[in-house]
Amino acid sequence: MNTRFPRSVYDKTGGIVYFARMVDKIRLQAAGALGKDYMENLGTGFDGRCCDLLAVKYEELKKRVLAGGTDEEVLQWCFQHGRTRTTEEISDWNDFMVKRGWRDGVSSRLTMRLKEAKLEHRSSEILTMFDFIEVDEGREPPKFA
């Protein structure tokens, strides 16, 4: 089966960045369409952080996703079985995640990933891990004013 990239890290479900991508990766893996490069970090890294935000276990979320339903329905399940987040908490999450890798503890990892991908020449425009993921998967990151 052909592999394909998961949705953008910037796609939102219920106002939450990254959730749609995590759910998409679960579905793609089940369909045999998720690239092998993604397997190592399933349920950890940003997936783990997103599950922590919602206070759900990744394996439970995976079962719920594979049971069917829309992203919004799965998110509602997370709120019911984990923790509902306030608008302010969601805003804080989004602000944190979209800046991950910019002048923080992940900056050295971003530098390493840029070098591995031979994208050092774009370091002035790829400022965060989200930006790197977008470019690495053939998309351009959004421009923030």
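Me: What makes two rings an aromatic pair here, and to how many pairs does the count come?
Reply: Rings of Phe, Tyr and Trp (its six-membered ring) pair if their centres lie within 6.5 Å, and planes under 30 degrees apart count as stacked, over 60 as edge-to-face and the rest as tilted; by this rule the count comes to four aromatic pairs. This is a predicted model, in which local features need pLDDT of at least 70 and side-chain atom pairs count only at pLDDT 80 or more, while totals for chains, interfaces and linings use all residues. Residues are numbered from 1 along each chain as its sequence is written, and side-chain values use heavy atoms, with hydrogens and water left out.

Me: Why is the pair of Y10 and F130 called edge-to-face?
Reply: The ring centres of Y10 and F130 are 5.3 Å apart and their planes stand at 85°, so the distance falls within 6.5 Å and the angle is over 60 degrees, as the term requires. Y10 belongs to the segment before β1 (12–13) and F130 to helix α7 (residues 129–136), 120 residues apart, where helices (H or I, at least four residues) and strands (E, at least two) are DSSP runs numbered from the N terminus.

Me: What makes F46 and F130 an edge-to-face pair, and which parts does the pair tie together?
Reply: With 5.7 Å from centre to centre and 65° between the planes, F46 and F130 also satisfy the limits for an edge-to-face pair. F46 lies in helix α2 (residues 45–54) and F130 in helix α7, so the pair ties together parts that are 84 residues apart in sequence. Ring pairs link Y10, Y18, F46 and F130 into a cluster.

Me: Why is S91 called partly exposed?
Reply: S91, which lies in helix α5, has a relative accessible area of 34%. Buried means under 20% and exposed over 50% (1.4 Å probe, protein chains only), with partly exposed in between, so S91 with its 34% is partly exposed.

Me: How do you know that the charged end of R103 sits over the ring of W102?
Reply: A charge sits over a ring if NZ of Lys or CZ of Arg is within 6 Å of the ring centre and within 35 degrees of the ring normal. The charged end of R103 is 5.5 Å from the centre of the W102 ring and is counted as sitting over it.

Me: How do you know that the buried residues S107, L110 and L114 are on the same side of α6?
Reply: In α6, S107, L110 and L114 are buried, and they cover an arc (that of the directions from the helix axis to the C-beta atoms) of only 55°, which puts them on the same side of α6. On the other side of α6, S108, K115 and E116 are exposed.
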